[in-house]
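Let us take a walk through this chain together, from the overall layout down to single side chains. Keep the structure open beside you and turn it as we go.

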Amino acid sequence: MFAPRDPDEYLLPTERRVIRVRRHWTSLLWDLLEAAALLAGAMMISYLLPDNLGVVQNILWYAALFVLLRLAYFVMEWWVERIVVTDKRFMISSGVFETKVAMMPISKVTDLTYERSVLGRMFGFGTLVVESAGQIQALNRIEYLPNPEEVYDAISELTFGDKKAQAERFSMIKAQRAARGKKMVP
């Protein structure tokens, strides 16, 4: 009831899912470091305060609880957000309490770039920059994308590749999975 919908529920029966990922865990790194620093500061201040300031210590620990709840919300938000690429569109579904789905048709893509910083190469994430025909879309910059080369190659194949070869490859994959007894995603 309160759980967000699975992104696959937004797919049309004629769509084929190519990629489904969540952002890399390093997107939470700043929030984790910030929470750790605030909690360490709260513990240090609590230790240095005299014992007769119980009200201040209570306020301090409620603030620390708020920091932990805020961090838990950011982790939940990261966990629910999914980036889905199908043979027809890009989609990002997000939101813990209020679900948001941003979508852009693959046919609108005119240019595709991925960027990787030194930190991104060390940890395995990058940024995908998607440019469309004359307008800025909601999905023009997807940061903290895991394995950006694989995503870039797959999207390049979908956007600029041979459509007939893609259909043949998909039917071959479908036949192989059927032979192994695995269910295909519609």
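What follows is a tour of a predicted model, starting with the overall layout.

The chain contains 5 helices and 7 strands. Reading along the sequence, you will meet them in the pattern β-α-α-β-β-β-β-α-β-β-α-α. Of the 186 residues in the chain, 33% are buried. Among contacts with a separation of 6 or more, 55% join residues that are 24 or more positions apart.

A good place to begin is the open sheet made of 3 strands, in the order S5-S6-S7, with antiparallel pairing. Its edges are strand S5 (109-115) and strand S7 (141-146), each of which pairs on one side only. From one strand to the next, the twist averages 25 degrees. Strands of a sheet pair through backbone hydrogen bonds, either parallel or antiparallel. Here, S5 and strand S6 (residues 125-132) are joined in the antiparallel sense by 6 bridges. To find your bearings in that pair, look for Leu-112, which stands opposite Val-130 in S6. Helix H4 (residues 148-160) packs on this sheet and touches S5, S6 and S7. The direction of H4 makes about 170 degrees with that of S5.

Now turn to another set of strands, centred for our purposes on S3. Strand S2 (82-86) and strand S3 (89-94) form a hairpin with 2 residues between them. Their pairing is antiparallel and runs over 4 bridges, and Val-84 has Met-91 in S3 as its bridge partner. S3 also pairs with strand S4 (residues 100-105), again antiparallel, through 6 bridges. In that pairing Phe-90 stands opposite Met-104 in S4. The hairpin of S3 and S4 has 5 residues between the strands, and there Gly-95 takes a positive phi near 110 degrees.

Which way do the side chains of S3 point? In a regular strand the side chains alternate between the two faces of the sheet. Arg-89, Met-91 and Ser-93 point one way, whereas Phe-90, Ile-92 and Ser-94 point the other way. Both sets are buried, and so S3 is mostly covered, with 6 of its 6 residues counted as buried under the cut-off of 20% relative accessible area.

With the strands in place, we can look at what lies between the elements. In soluble globular proteins, nonpolar side chains tend to be buried together. The largest nonpolar core in this chain has 17 residues. Val-85, Phe-90, Leu-128, Val-130 and Ile-155 have the most contacts inside it. S2, S3, S5, S6, S7 and H4 each supply at least two residues of the core, and the largest share, 3 residues, comes from H4. Leu-128 is a handy residue to select on screen: beyond its neighbours within four places in sequence, its contacts include Leu-112, Ile-142, Leu-145, Val-151 and Ile-155.

The helices deserve a stop too. Helix H2 (residues 54-80) has 27 residues, which at 1.5 Å a residue should span 39 Å; the C-alpha atoms at its ends are 39 Å apart, so the two values agree. Its buried residues are Gln-57, Leu-60, Ala-64, Val-67, Leu-71 and Trp-78, and the buried residues of H2 pack against H1.

Let us finish with two loop residues. Is Arg-23 buried or exposed? Arg-23 sits in the loop between strand S1 (17-21) and helix H1 (29-48). Arg-23 counts as buried because its relative accessibility is 17%, below the cut-off of 20%. Its side chain makes a polar contact with the side chain of Glu-81 at 2.7 Å and also reaches the backbone oxygen of Glu-143 at 2.5 Å. Leaving aside neighbours within four places in sequence, Arg-23 is in contact with residues including Trp-78, Ile-92 and Tyr-144.

Ser-117 lies in the loop between S5 and helix H3 (118-123). With 42% relative accessibility, Ser-117 counts as partly exposed. The side chain of Ser-117 reaches the backbone nitrogen of Gly-120 at 3.1 Å. Ser-117 and Thr-127 are 10 residues apart in sequence, and their C-alpha atoms are 8.9 Å apart in space.

Conventions:
Residues are numbered from 1 along each chain as its sequence is written. This is a predicted model: local features need pLDDT of at least 70, side-chain atom pairs count only at pLDDT 80 or more; totals for chains, interfaces and linings use all residues. Side-chain values use heavy atoms; hydrogens and water are left out. Two strands pair if DSSP finds at least two bridges between them. Axes are lines fitted to C-alpha atoms, for helices over the stretch in contact, and angles run from 0 to 180 degrees between N-to-C directions. Contact means heavy atoms within 4.5 Å. A nonpolar core is a set of buried Ala, Val, Leu, Ile, Met, Phe, Trp, Tyr and Cys residues joined through side-chain atoms within 4.5 Å. Buried means under 20% relative accessible area, exposed over 50%, partly exposed in between (1.4 Å probe, protein chains only). A polar contact is a pair of N or O atoms within 3.5 Å; within protein, one must be able to donate a hydrogen and the other to accept it, and residues adjacent in sequence count only if both atoms are side-chain atoms. The expected span of a helix is 1.5 Å times one less than its number of residues.
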